[in-house]
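Biologist: Can you put the model up and walk me through it? I'd like to go region by region.

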Amino acid sequence: MKSEKIEPKGCLKGEINVPGDKSISHRILMLASLAEGESTIQGLSRGQDVKHTMDILSSLGAQLSEIGSDDLHVQGGELKEPTRNLYVGNSGTSIRLISGMLAGLPFSTTLDGDKSIRKRPMGRIIEPLERMGVSIACLEATGMAPFRIDGGGLKGIEYQMEVPSAQVKGCLMFAALSAEGDTTIIEDTPTRAHTEELFEEVGLEIEIADSSITVKAGRPKPFIHEVKGDPSQAAFWVVGATILHGSEVSIKNIYRGQERTGFIDVLVRMGAKITHDPVTNDLQVSSSELVGTVVEETEIPGLIDEVPILAVAAACADGETHFKGLGELRVKESNRLETIVSEIGSMGMKAEISGDDLVVKGGKLTGGKVDSHGDHRIAMSCAIAALVSTSPTEIFGWEAVSTSYPDFIADLDALRK
Ligand code: S3P
């Protein structure tokens with residue numbers, strides 16, 4: 001197990017480009033693999049999660065070739081049965097979205113992942129996909145990976161989402177591309193809309209009404225797409241620059257879309273100084289004092305991945321911050337509701353879980369020894385907390401960070417002054 005030691009010193013200053021948006025990277029690679037012809041993608045996330053999606057698409061027959069340091073060319077077309085099982089590593093987005101795509105293709109595939117993936121709920125995609133007509137066999141435990149998909153023969157359905165999840169919505173939208181008849185997905189609570197935006201961009205037919213999305217079967221057209229910076233990765237520097245006195249950071253070319261930047265609204269409400277340039281999409285952040293706030297359950301889908309780093313901000317704020325309705329955090333890369341409290345808690349954060357709510361009391365962080373629990377966002381949140389702690393912090397299980405942000409330490413070193 002790799003560990004990383006972080007000393008509390010200095011402030012954050014300068015400009016930074018964060019990795020390409022991870023959610024968009026998975027989806028755009030899948031669309032390029034389905035398109036008949038060559039597509040070009042720029043600015044893709046280079047984390048392990050996206051590498052797993054790339055490997056899977058290669059095993060299905062898409063031809064991926066890197067040109068220069070930034071461009072990836074994808075020759076898509078008819079995908080074929082792979083000769084091996086498909087392995088997603090730690091990536092929930094890969095397994096859920098790719099399952100949707102595979103459900104519509106006329107061959108069998110087996111999907112599996114690491115020990116965290118094997119504990120995450122897959123029934124939420126298996127049940128609606130089976131209603132569309134595919135047969136899915138769980139090979140070890142019901143509703144869990146590994147599972148085999150015997151694809152093809154899908155029919156469009158109307159599906160009311162049971163949990164607000166862009167992964168489930170995206171899964172069904174990819175399946176809908178190969179279904180006979182239209183598929184309508186009804187979501188009462190809006191979630192991130194990357195699949196909708198990208199489907200429209202690559203010429204697929206979708207209709208968006210108040211709370212429903214209807215997808216017609218179809219094939220994407222080849223395209224050129226530039227992936228913008230990932231707001232979830234930017235969030236670490238936004239919070240870091242806010243809580244570390246004397247900081248001033250500019251984060252370049254950030255993606256801003258539905259339900260992706262809710263953390264900025266919460267931080268501004270707490271007193272953070274964040275401005276957004278609508279032309280360049282850069283974020284400017286300078287340090288400021290924070291006060292506690294209430295984060296309502298309806299806000300959670302819009303900041304679902306940013307709760308750990310917001311907990312760090314809350315730990316540095318004056319007063320209490322109350323996060324409501326965090327049940328979904330229990331089924332992320334780790335049980336994040338527990339790991340936020342145990343790990344940032346062991347660095348001095350005072351916090352309590354009550355049902356699915358989390359209450360954080362502002363105070364001093366002391367640093368210490370923490371464990372990522374294999375969760376990249378817990379590791380990076382502890383690293384930012386370490387910057388304002390009174391003693392150094394050692395983060396065990398640091399290798400988890402490579403799933404989404406392999407250059408995190410290089411970027412931290414470049415910003416530290
Ligand atoms: C994602 C959606 C979110 C998020 C995950 C990426 C996506 O999951 O937590 O990191 O790319 O659609 P849920 O939609 O399942 O909450």
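Modeller: We'll take a sheet, the cysteines, some helix pairs and a few single residues in turn. Bear in mind that this is a predicted model.

Biologist: Start with the sheet that has strand 22 in it. What is the strand order?

Modeller: The order is 1-23-22, in an open sheet of three strands with mixed pairing.

Biologist: Which ones are the edge strands?

Modeller: Strand 1 (3-6) and strand 22 (368-371) are the edges, each pairing on one side only. Neighbouring strands in this sheet are turned by 20° against each other on average, ignoring direction.

Biologist: In what sense do strand 1 and strand 23 pair?

Modeller: Antiparallel, over four bridges, with strand 23 covering residues 393-396. One residue to look at is K5, whose bridge partner in strand 23 is E394.

Biologist: Which helix packs on that sheet?

Modeller: Helix 11, residues 376-387. Helix 11 touches strand 1, strand 22 and strand 23, and its direction makes about 175° with that of strand 23.

Biologist: What does helix 11 pack against on the helix side, and at what angle?

Modeller: Helix 10 (residues 336-346), at an angle of about 30° and with the axes 11 Å apart. Angles under 35 degrees count as roughly parallel, so helix 10 is roughly parallel to helix 11. The crossing of helix 10 and helix 11 is right-handed.

Biologist: Which residues make the contact?

Modeller: From helix 10, R336, T339, I340, E343 and I344. From helix 11, H376, R377, I378, S381 and C382.

Biologist: There's a cysteine in that list. How many disulfides does the structure hold?

Modeller: Zero.

Biologist: Take C171, then. How far away is the nearest cysteine sulfur?

Modeller: That sulfur belongs to C138 and is 13 Å away, and C171 is in no disulfide. The cut-off for a disulfide is sulfur atoms within 2.5 Å.

Biologist: Is C171 buried or exposed?

Modeller: C171 has a relative accessible area of 0%, so it is buried.

Biologist: And C316, what's the story there?

Modeller: C316 is in no disulfide either, its nearest cysteine sulfur being that of C382, 12 Å away. C316 counts as partly exposed because its relative accessibility is 26%, and the partly exposed class lies between 20% and 50%.

Biologist: Different topic. Which helix is A314 in?

Modeller: A314 sits in helix 9, residues 307-315. With 0% relative accessibility, A314 counts as buried.

Biologist: What is A314 in contact with, leaving aside its neighbours within four places in sequence?

Modeller: M270, T321, F323, V360, K361 and G362. There is also a distance to V359: its C-alpha lies 9.1 Å from that of A314, with the two positions 45 residues apart in sequence.

Biologist: Stay with helix 9. How does it sit against helix 7?

Modeller: Helix 7 (residues 231-243) and helix 9 cross at roughly 5°, and their axes come within 10 Å. That angle makes helix 7 roughly parallel to helix 9. The contact uses A235, F236, V239 and I243 of helix 7, with I309, V312 and A313 of helix 9.

Biologist: Next, T183. Where is it, and what does it touch?

Modeller: T183 is in strand 11 (residues 183-186). Not counting residues up to four places away in sequence, T183 touches M132, G156, I157, A176, I213, T214 and V215. The relative accessible area of T183 is 1%, so T183 is buried.

Biologist: Does anything else come up against T214 and V215, and where is E205?Modeller: E205 is in contact with T214, V215 and K216, leaving aside its neighbours within four places in sequence. E205 is found in the loop between helix 6 (194-201) and strand 12 (206-208). The C-alpha atoms of E205 and V215 are separated by 6.2 Å, and the two residues are 10 apart along the chain.

Biologist: On to the backbone. Which residues does the cis peptide bond at P146 join?

Modeller: A145 and P146, with omega at about 0°. P146 is in the loop between strand 8 (135-138) and strand 9 (147-150).

Biologist: What is phi at E259?

Modeller: Positive, about 60°, although E259 is not a glycine. E259 lies in the loop between strand 15 (248-251) and helix 8 (262-270), and counts as partly exposed at 24% relative accessibility.

Biologist: And what about N281?

Modeller: N281 has a positive phi of about 65° and is not a glycine. Its place is the loop between strand 16 (273-276) and strand 17 (283-286). N281 counts as buried, at 15% relative accessibility.

Methods: Residues are numbered from 1 along each chain as its sequence is written. This is a predicted model: local features need pLDDT of at least 70, side-chain atom pairs count only at pLDDT 80 or more; totals for chains, interfaces and linings use all residues. Side-chain values use heavy atoms; hydrogens and water are left out. Two strands pair if DSSP finds at least two bridges between them. Helices (H or I, at least four residues) and strands (E, at least two) are DSSP runs, numbered from the N terminus. Axes are lines fitted to C-alpha atoms, for helices over the stretch in contact, and angles run from 0 to 180 degrees between N-to-C directions. Contact means heavy atoms within 4.5 Å. Buried means under 20% relative accessible area, exposed over 50%, partly exposed in between (1.4 Å probe, protein chains only). Angles under 35 degrees count as roughly parallel, over 145 as roughly antiparallel, 65 to 115 as roughly perpendicular and the rest as oblique. A crossing is left-handed if the near helix is turned anticlockwise from the far one by less than a right angle, and right-handed if clockwise.
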